[in-house]
Amino acid sequence: MQSIKLVVLESPYAGAVDDNVAYARRCLKDCALRGESAQASHLLLTQVLDDTKPEERAMGIALGLAWREVAHYSVFYTDRGWSNGMRAALDSAILEKRPFRLRALDGRVLYPPRVDLPLTVYEDVTADA
């Protein structure tokens with residue numbers, strides 16, 4: 001087996017929660033099949049913390065973000081678009097020069113709607129089909 005990579009999985013959660021949870025589970029499996037051990041705080045921590053309570057939501061976000069320090073990279077699954085949380089995570093990755101990948105289960109990566117990013121940012125992105 002190849003070397004296992006630790007990754008942070010980013011996908012939408014809010015809104016159509018049931019559909020987004022089902023999608024995130026498919027993304028988690030996709031990571032596993034690629035030899036990645038994915039941390040998906042929006043799947044795990046929302047089972048014990050109440051996302052509708054601001055203090056518990058903030059705690060869950062902080063706990064999830066702590067994983068970035070040990071992850072090899074973040075993986076953004078874009079089939080269902082870009083949530084505000086995903087955009088914030090991408091902004092943070094770019095600002096902190098942390099590696100990330102853009103993916104779509106259907107093979108068609110949706111890039112975030114941004115016009116203020118330098119083109120060199122996109123050259124550093126690995127878009128996995």
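These legends accompany four close-up views of a predicted model.

**View 1. The largest nonpolar core has 13 residues.** Start with V7, L9, C27, C31, L43, V75 and Y77, the residues with the most contacts inside this core. The elements β1, α1 (17–33) and β3 (73–77) each supply at least two of its residues. The largest share, five residues, comes from α1. As a general backdrop, nonpolar side chains in soluble globular proteins tend to be buried together.

**View 2. Here L43 is shown with its contacts.** Setting aside neighbours within four places in sequence, L43 touches V21, A24, R25 and L28. A second, separate core has ten residues, and W82, A93, L102 and V109 are among them.

**View 3. Two cysteines, C27 and C31, have their sulfurs 7.1 Å apart.** Why is C27 not bonded to C31? A disulfide needs the two sulfur atoms within 2.5 Å, and the closest cysteine sulfur to that of C27, in C31, is too far away for a bond. C31 is likewise in no disulfide, and the count for the model comes to zero. Both residues are hidden from the surface: C27 is buried, with a relative accessible area of 0%, and C31 also counts as buried at 0%.

**View 4. A nonpolar patch lies on the surface.** Which residues form it? They are I4, L6, W67 and V70, with about 370 Å² of accessible area together. Take a look at I4, which sits in the segment before β1 (5–10). I4 is partly exposed, with a relative accessible area of 46%.

Key: Residues are numbered from 1 along each chain as its sequence is written. This is a predicted model: local features need pLDDT of at least 70, side-chain atom pairs count only at pLDDT 80 or more; totals for chains, interfaces and linings use all residues. Side-chain values use heavy atoms; hydrogens and water are left out. Patches are made of residues with over 30% relative accessible area and no salt bridge: like charges are joined within 9 Å, nonpolar side chains (Val, Leu, Ile, Met, Phe, Trp, Tyr) within 5 Å. Accessible areas come from the Shrake-Rupley method with a 1.4 Å probe; for residues, only the protein chains shown count as cover. A salt bridge is a side-chain nitrogen of Lys or Arg within 4 Å of a carboxyl oxygen of Asp or Glu. Helices (H or I, at least four residues) and strands (E, at least two) are DSSP runs, numbered from the N terminus. Buried means under 20% relative accessible area, exposed over 50%, partly exposed in between (1.4 Å probe, protein chains only). A nonpolar core is a set of buried Ala, Val, Leu, Ile, Met, Phe, Trp, Tyr and Cys residues joined through side-chain atoms within 4.5 Å. Contact means heavy atoms within 4.5 Å.
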